[in-house]
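Here is a friendly walk through one protein model, written to be read with the structure open beside you. Feel free to pick out each residue as its name comes up.

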Amino acid sequence: MSNIKNAFKNGKAFIGFITGGDPSIEKTKEYVLEMVKAGVDLVEIGIPFSDPVAEGPVIQEANARALTAGTTVEKLFTLIADLRKETDVPLVYLTYANPVFYFGYDAFFKRCCDTGPNGIIIPDIPYEEQKPVKEAADKYGIDLISLISPTSRERIEKIAKTASGFIYLVSSMGVTGTRSEINTDLSSITAVIKSVTDIPVAIGFGINTPQQAAQMAKIADGVIVGSAIVKIIAQHGENAAPHIYSYVKEMKEAVKL
């Protein structure tokens, strides 16, 4: 079991997402450490991909900027190895099936074991097709984090029973991006998950205000914010550090009940 559980040991977790290599590998390291300083409990680092099907325009554009800047999977492994010299906050990759498949499942997860990420989220591999990836991840002690969406109700128990790390509960249908309202009945979905597993549940997709974060923290064990942080980087580029710090600090305070 990885140290992902440590993200949830001191109350509700705030989980922040950043696209690796946007605007550069060096700045990604700086921004992750800024998030850690601001109190983030876990950081998701996106491995950029040319066709990120679960992402809205904000993260799509960040993927394009990172790829244009020359970001590679190997550079992100080096980044995490460098981060591990300065922080033990749980780190999780978010990417798509193609980069992991192309690298080779066994080779990819061996590099994870060697460099320090604790888990991975792969939105375009459905539960029924996870077996070869999960076997390789399990071999090297890397958590393959499962997603449960509002349309997964008949599959919730099956997915939850085999989950590891934490469960990513998708707040609403569609792609990532900030939303003014989240109206899905997440309480009932969380109750079903909790009836079959004690793995923490974190809610993501659309959350961007302290009020939304506080609302979601009442339902789940953690809150995930991505597009709002990536948007700060899009706006401020290489000068985003203080803005990221202020935003993450405010959101972390909001999830404390």
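The report below covers two loops, two helices, a pair of helix-side neighbours, and then the empty spaces.

## The loop around aspartate 22

Please keep in mind throughout that this is a predicted model. A good place to begin is aspartate 22, which sits in the loop joining β1 (13–19) to α1 (25–38). Is aspartate 22 buried or exposed? With a relative accessible area of 1%, aspartate 22 counts as buried, because the cut-off for that label is under 20%. Its side chain has a partner: a polar contact of 2.8 Å links the side chain of aspartate 22 to the side chain of arginine 65.

Arginine 65 has company around this aspartate. Setting aside residues within four places in sequence, aspartate 22 is in contact with Thr28, Ala62, Arg65, Ala66, Val230 and Ile233. The backbone here deserves a look too, since the peptide bond running from aspartate 22 to proline 23 is cis, with omega near 0 degrees. Proline 23 also belongs to the loop between β1 and α1.

## Helix α6 and its two faces

Next, turn to helix α6, residues 131–139, where Val133, Lys134, Ala136 and Ala137 are buried. These residues span an arc of only 165 degrees around the axis, so they lie on the same side of α6. Lys134 is a lysine among the buried residues, whereas Lys131 and Lys139 are exposed on the face turned away from the buried side.

What do the buried residues of α6 pack against? Their partners are α5 (105–115) and β5 (143–145). After the helix comes glycine 141, which has a positive phi near 75 degrees.

## Neighbours of α6: glutamine 130 and tyrosine 105

Glutamine 130 lies in the loop between β4 (119–121) and α6. Its relative accessibility is 10%, and glutamine 130 therefore counts as buried. Leaving out residues up to four places away in sequence, glutamine 130 touches Ile125, Leu144 and Ser146.

On the α5 side, look for tyrosine 105, a residue of that helix. Tyrosine 105 is partly exposed, at a relative accessible area of 23%. Residues up to four places away not counted, tyrosine 105 touches Val100, Pro132, Val133 and Ala136. Val133 and Ala136 are also among the buried residues of α6. For a sense of scale, tyrosine 105 and glutamate 135 are 30 residues apart in sequence, and their C-alpha atoms are 9.1 Å apart in space.

## Helix α8 and the loop after β8

Helix α8 covers residues 186–196, and its buried residues include Leu186, Ile189, Thr190 and Ile193. Why do they share a side of the helix? They cover an arc of only 100 degrees around the axis, which puts them on the same side of α8. The buried residues of α8 pack against β6 (147–148), α7 (156–161), β7 (167–170), β8 and α9.

The loop between β8 (201–204) and α9 (210–219) holds phenylalanine 205. Its phi is positive, near 85 degrees, in a residue other than glycine. At 10% relative accessibility, phenylalanine 205 counts as buried. Asparagine 208 lies in the loop between β8 and α9 as well, and its 18% relative accessibility also places asparagine 208 in the buried class. Asparagine 208 and valine 170 are 38 residues apart in sequence, with 14 Å between their C-alpha atoms.

## Cavities and a pocket

How many cavities of 30 Å³ or more does the structure hold? There are two, and the second largest has a volume of about 40 Å³. Its lining is made of Phe17, Thr19, Gly46, Ile47, Glu55, Ile59, Asn63, Leu94 and Tyr96. The elements giving two or more residues to this lining are β1 and α2 (57–68). By type, the lining residues of this cavity are five nonpolar, three polar and one charged.

Finally, the second largest pocket has a volume of about 170 Å³. It is lined by 14 residues, of which Asn6, Ala7, Lys9, Asn10 and Pro90 are the closest to its centre. The lining of this pocket divides into five nonpolar, four polar and five charged residues.

Terms used. Residues are numbered from 1 along each chain as its sequence is written. This is a predicted model: local features need pLDDT of at least 70, side-chain atom pairs count only at pLDDT 80 or more; totals for chains, interfaces and linings use all residues. Side-chain values use heavy atoms; hydrogens and water are left out. Helices (H or I, at least four residues) and strands (E, at least two) are DSSP runs, numbered from the N terminus. Buried means under 20% relative accessible area, exposed over 50%, partly exposed in between (1.4 Å probe, protein chains only). A polar contact is a pair of N or O atoms within 3.5 Å; within protein, one must be able to donate a hydrogen and the other to accept it, and residues adjacent in sequence count only if both atoms are side-chain atoms. Contact means heavy atoms within 4.5 Å. On a 1 Å grid over the protein atoms alone, a cavity is a set of points where a 1.4 Å probe fits but cannot get out, and a pocket is an open set with protein on both sides within 12 Å along at least five of seven lines; lining residues have an atom within 4 Å of a point. Grid points are joined across faces, edges and corners, and a volume is the space filled by probe spheres set on the points. Ala, Val, Leu, Ile, Met, Phe, Trp, Tyr, Cys and Pro count as nonpolar, Asp, Glu, Lys and Arg as charged, and the others, Gly among them, as polar. The arc is that of the directions from the helix axis to the C-beta atoms.
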